[in-house]
Amino acid sequence: MEDLTYTKLENHKLSPWYFAVHWTVIGLQHKIADAEAMGIDPTYDMLQLAQLQELEMFLKMSWDQWMDRIGTRLTAQEAE
């Protein structure tokens with residue numbers, strides 16, 4: 001049986017984490033481009049970038065899903 005662990009994070013805190021990861025992705029992309037321009041192997045940074053992009057996608061999807069649920073609840077209340 002697979003041992004699953006998770007960290008509970010309140011949904012309203014997803015946005016700051018998303019933007020922190022998003023700006024880190026942008027900075028790392030620039031670092032990789034600079035390393036390539038200088039002839040330095042950016043393999044390690046590229047691996048880290050892939051992991052950060054996966055985390056960024058997860059946070060964005062989680063935030064979007066939470067916002068959709070809030071919007072659905074508000075729309076239903078307004079219709080009453």
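This is a short chat about the fold, core and one buried acid of a predicted model.

Reader: Quick overview first. How many helices and strands in the protein chain?

Author: The predicted model has 2 helices and 0 strands. Helix 1 spans 14–37. Helix 2 covers residues 43–79.

Reader: And what share of the 80 residues is buried?

Author: Buried residues make up 19% of the chain.

Reader: Which residues form the largest nonpolar core?

Author: There are 8: Leu14, Tyr18, Val21, Val25, Leu28, Ile32, Leu49 and Leu59. Helix 1 and helix 2 are the elements that each give two or more residues to this core.

Reader: Which helix gives the most?

Author: Helix 1, with 6 residues.

Reader: Take Leu14. Why does Leu14 count as buried?

Author: Its relative accessible area is 5%, and the cut-off for buried is under 20%. Leu14 sits in helix 1. Its C-alpha atom is 5.9 Å from that of Trp63, although the two residues are 49 apart along the chain.

Reader: What about contacts across the whole chain? Of those between residues at least 6 apart in sequence, what share joins residues at least 24 apart?

Author: That share is 66%.

Reader: Back to the core. What does Val21 touch, leaving aside neighbours within four places in sequence?

Author: Leu52, Leu55, Glu56 and Leu59. Of these, Leu59 is also listed in the largest nonpolar core.

Reader: Glu56 is a charged one. Where is Glu56 found?

Author: In helix 2. Glu56 is buried, yet has no salt bridge.

Reader: Which side chain of opposite charge is nearest to Glu56?

Author: Lys60, at 8.9 Å. The salt-bridge limit is 4 Å, so Lys60 falls outside it.

Reader: What polar contact does the Glu56 side chain make, then?

Author: One with the side chain of His22, at 2.5 Å. His is not counted as charged here, so this pair is no salt bridge.

Reader: What else does Glu56 touch, beyond residues up to four places away?

Author: Its contacts are Tyr18, Val21, His22 and Val25. Among them, Tyr18, Val21 and Val25 appear in the largest nonpolar core.

Reader: New topic: rings. How many aromatic pairs?

Author: The count comes to 1. Tyr18 and Phe19 have ring centres 5.0 Å apart and planes at 70 degrees, so the pair is edge-to-face.

Reader: Is Tyr18 buried or exposed?

Author: Buried, because its relative accessibility is 15%. Phe19 is at 44%, so Phe19 counts as partly exposed.

Conventions. Residues are numbered from 1 along each chain as its sequence is written. Side-chain values use heavy atoms; hydrogens and water are left out. Helices (H or I, at least four residues) and strands (E, at least two) are DSSP runs, numbered from the N terminus. Buried means under 20% relative accessible area, exposed over 50%, partly exposed in between (1.4 Å probe, protein chains only). A polar contact is a pair of N or O atoms within 3.5 Å; within protein, one must be able to donate a hydrogen and the other to accept it, and residues adjacent in sequence count only if both atoms are side-chain atoms. Contact means heavy atoms within 4.5 Å. Rings of Phe, Tyr and Trp (its six-membered ring) pair if their centres lie within 6.5 Å; planes under 30 degrees apart count as stacked, over 60 as edge-to-face and the rest as tilted. A nonpolar core is a set of buried Ala, Val, Leu, Ile, Met, Phe, Trp, Tyr and Cys residues joined through side-chain atoms within 4.5 Å.
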